[in-house]
Amino acid sequence: MNLKRRFISSNVPKPRTQSLPSFDRKMPLFLEIGCGVGFHPLQFSKQNPKHQMIAIEQTTNKFSKFYKRYLNHQCPENLYPFHDNAVHFITHLIKKETIHKYFILYPNPNPKKSDQNKRWHAMPFMGKLLETMVPGGIIEFATNESFYAEECYEWMTNVWELEALEYKTIPHNFPPRTHFEKKYLKREQKCFNLTFKKPS
Ligand SMILES: C[S@@+](CC[C@H](N)C(=O)[O-])C[C@H]1O[C@@H](n2cnc3c(N)ncnc32)[C@H](O)[C@@H]1O
């Protein structure tokens, strides 16, 4: 059964972001979808000064908290925060084979069976996202839902034909990377981390 559905870029609304800054072509470009209040991109940009990170959040109050933190952290030069819908943003602004790594950390699981097409791995948009990844590029997911982790693994390997690099549970004493990860690990919930590689 072919589960891939056609993605039609021209049907996707334009992003609120009008244009992108010019990125340093010599530094790998990473992109985080739904970064919430921004713990992960801020930590990441500090720990990885030789990488550039685009961090997108669509919810206004979360983005405002992220942006305040970004200002308090003296606006790291290698971090680019955007208040936007990541589907609109990536579809219209990100060129083919330009992103080295995507992060999708604790996405809304949309657990209803009828909402499968709202989960990132099952959206036709995933095909478009994968086009924007460099050959050999990585996509990393984290979730506290075992059904989501299993389904994500199935789709990313069988439907999108990526190589699975990792499918592990995160130890409860692991330093949390995001606001949601902190909450789940504190409650001793199982958190899963999955990484996949696009063929070279
Ligand atoms: C469950 S929260 C997780 C936030 C953060 N990654 C964390 O782990 O703390 C999911 C986030 O994804 C954002 N989001 C969902 N769909 C989005 C989209 N299409 N574009 C940008 N952000 C999106 C939501 O607004 C929400 O902040």
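1. In which sense do strand β1 and β4 pair, and over how many bridges? In this predicted model, strand β1, residues 29-33, pairs with β4 in the parallel sense, and four bridges link the two. Two positions illustrate the register: Glu32 has Phe103 of β4 as its bridge partner, while Leu31 stands opposite Tyr102 in β4.

2. On its other pairing, β1 is joined to β2 by five bridges, and these two strands also run parallel. Leu29 of β1 has Gln52 as its bridge partner in β2. Between the two strands the chain passes through α1, and the resulting β-α-β crossover is right-handed.

3. The wider sheet may be considered next. It is an open sheet of seven strands with mixed pairing, in the order β3-β2-β1-β4-β5-β7-β6. The edges are formed by β3 (79-83) and β6; each has a single partner strand, so one side of each lacks a neighbour in the sheet. From one strand to the next, the twist averages 15 degrees.

4. The burial of β1 deserves a separate remark. Five of the five residues in β1 are buried, and the strand is mostly covered. In a regular strand, side chains alternate between the two faces of the sheet. In β1, Leu29, Leu31 and Ile33 point one way, whereas Phe30 and Glu32 point the other way, and all are buried. Glu32, the bridge partner of Phe103, is thus a charged residue by class among the buried positions of this strand.

5. Two helices should be read together with the sheet. Helix α1 (residues 39-47) has His40, Pro41, Leu42, Phe44 and Ser45 as its buried residues. Those buried residues pack against the strands β1, β2, β3 and β4, and also against helix α2. Helix α2 itself, residues 60-72, lies across β2 and β3 and runs at about 155 degrees to β3.

6. Which residues lie closest to the ligand? The closest are Gly34, Gly36, Ala86, Thr178 and Phe180, within a shell of 20 residues that surround the ligand. The elements giving two or more residues to this shell are β2 (52-57), α3 (86-93) and α6 (179-186). Of these, α6 supplies the largest share, three residues. By class, the shell comprises nine nonpolar, eight polar and three charged residues.

7. Two residues other than glycine have a positive phi and merit inspection of the backbone. The first case is Tyr106, whose phi is near 55 degrees. Tyr106 is located in the loop between β4 (99-105) and α4 (125-131). Is Tyr106 buried or exposed? Tyr106 counts as buried because 22 C-beta neighbours lie inside 10 Å, and the cut-off for burial is 20 or more.

8. The second case is Glu161, with a phi near 60 degrees, again a positive value in a residue other than glycine. Glu161 belongs to the loop between α5 (146-159) and β6 (163-169). Glu161 is exposed, because 11 other C-beta atoms lie within 10 Å, and a residue counts as exposed at 12 or fewer. The two cases therefore contrast in their surroundings: Tyr106 is buried, whereas Glu161 is exposed.

Definitions and conventions: Residues are numbered from 1 along each chain as its sequence is written. This is a predicted model: local features need pLDDT of at least 70, side-chain atom pairs count only at pLDDT 80 or more; totals for chains, interfaces and linings use all residues. A residue is near a molecule or strand if its C-beta atom, placed from the backbone, lies within 6 Å of it. Two strands pair if DSSP finds at least two bridges between them. Axes are lines fitted to C-alpha atoms, for helices over the stretch in contact, and angles run from 0 to 180 degrees between N-to-C directions. Two residues are in contact if their C-beta atoms, placed from the backbone, lie within 7 Å. A crossover is right-handed if, with the strands pointing away from the viewer, the path from the first strand over the helix to the second runs clockwise.
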